[in-house]
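Student: I am new to this structure and would be grateful for a close look at a single strand. Please describe its surroundings, and then follow the chain to whatever is linked with them.

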Amino acid sequence: MDKLQIPAGVITGENVFKLFEYAKNNGFAIPAVNCTSSSTINAALEAARDVKAPIIIQLSQGGSAFYAGKGLSNDGQRASIIGAISAAHHIRTIAKDYGIPVVLHSDHCAEKLLPWFDGMLEADEEYFKKHGEPLFSSHMLDLSELPKDKNIAICKKYLERMSKINLYLEMEIGITGGEEDGVDNTDVHNSSLYTQPNDIWDVYRELKAIDKKFTIAAAFGNVHGVYKPGNVRLTPSLLKEHQVYVRTESEKLGDKVGEKPVFFVFHGGSGSVKTEIKEAVSYGVIKMNVDTDTQWAYWEGLKNYHESKKDYLQSQVGNPEGEDKPNKKYYDPRVFIREAEKSMAKRVKEACHDLGNVDRL
């Protein structure tokens, strides 16, 4: 990162492009960890620092509302907007002290959630006026349920606006199965779970005419959530076909784009077979979303703590050491939440190892 001159803390614009290009050229990807609180954010940052690697912190619409507080109304996406902005400022305040580059991202904005996207984008533009860079590093539009032409048209409109303030766009073409954060694709037909090469080319051609700062989440059988072996049939080799197709079509137009011109994103990474993860990365995946597994890891840390200290957590006073012994040091939130953080950090480190994202700083 020193050679690339990528600083610690939240990075934007050209530094994000340099990081993604470096990852693609060196055969690794960066986990994108869905976070819902300062605690989960801190756990992800700690893990990345410990393995000396960059990290992507991302917030979903529901996660953003939770960050603002479930006691707030989310009419007009207000809680999701202010929650995302609040989390972004928290991350910007502390990230540099962890000594790692951090990509700050919003995840899965469907068409019905566009007011949330617009609110974050307005905050980016205001931040840009004061600091010369956007508040976030990137945002994701998930318009995969729309017809392709409409999906691309809306993405183009937003990328034109985002390009003016050096914001990255992630878009999705083809549908990721399963269910996540209120978006339920469990009943979609299997044919929709596999994006075709000409679809990727249409997206790449149209967006690159505006700006190079975009990534594509292509469907190759990936599914949100964790399922029994055999239920998810990943076909990472499709990504290789997409790269070849885009390269060939680009060269027909006289554009030399390199062996892997597309920055791909892998959604539904939790529960995936490690060999398939490695194969996907070899075909140009530079970002893999991790949510379900880190949620379980956070809970597991709490569960294991409760099981090990159960006799000390039944009352404020009184435990196996005596009826008058206080239990405050056991039920202090800083104690049990810390155990959840350590467990989650361990799982984030595992994701970094799976993706080759270790000792990169």
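Tutor: Two strands are said to pair if DSSP finds at least two bridges between them. With that in mind, the strand chosen here is β6, residues 168–173 of a predicted model.

Strand β6 is mostly covered, with six of its six residues buried. In a regular strand the side chains alternate between the two faces of the sheet. In β6, Tyr 168, Glu 170 and Glu 172 point one way, while Leu 169, Met 171 and Ile 173 point the other way. Residues of both groups are buried.

The pairing of β6 may be considered next. With strand β5, residues 138–141, β6 pairs in the parallel sense over four bridges. Leu 141 has Met 171 of β6 as its bridge partner. To pass from β5 to β6, the chain runs through helix α6, residues 148–163, and this β-α-β crossover is right-handed. Strand β9, residues 214–218, also pairs with β6 in the parallel sense, over five bridges. There, the bridge partner of Glu 170 is Thr 215 of β9.

Helix α6 leads on to the charged side chains. Side chains of opposite charge can pair when their charged atoms come close. The structure holds 26 salt bridges. In one of them, the side chains of Lys 148 and Asp 202 meet at 2.6 Å, N to O. Since Lys 148 lies in helix α6 and Asp 202 in helix α7, residues 197–208, the pair ties together parts that are 54 residues apart in sequence. Lys 148 counts as partly exposed because its relative accessibility is 24%, whereas Asp 202, at 16%, counts as buried. Lys 148 and Asp 202 also belong to a network of salt bridges that links them with Lys 156, Asp 199, Arg 205 and Glu 206.

Helix α7 offers a further link through Lys 208. The side chain of Lys 208 meets that of Asp 255 in a salt bridge of 3.3 Å, N to O. Asp 255 lies in the loop between α8 (237–252) and β11 (264–266) and Lys 208 in helix α7, so this pair joins parts that are 47 residues apart in sequence. Asp 255 is partly exposed, with a relative accessible area of 29%, and Lys 208 is partly exposed at 33% relative accessibility.

In summary, β6 is a strand of buried residues that pairs in the parallel sense with β5 and with β9, and helix α6 lies on the path of the chain from β5 to β6.

Methods: Residues are numbered from 1 along each chain as its sequence is written. This is a predicted model: local features need pLDDT of at least 70, side-chain atom pairs count only at pLDDT 80 or more; totals for chains, interfaces and linings use all residues. Side-chain values use heavy atoms; hydrogens and water are left out. Buried means under 20% relative accessible area, exposed over 50%, partly exposed in between (1.4 Å probe, protein chains only). Helices (H or I, at least four residues) and strands (E, at least two) are DSSP runs, numbered from the N terminus. A crossover is right-handed if, with the strands pointing away from the viewer, the path from the first strand over the helix to the second runs clockwise. A salt bridge is a side-chain nitrogen of Lys or Arg within 4 Å of a carboxyl oxygen of Asp or Glu.
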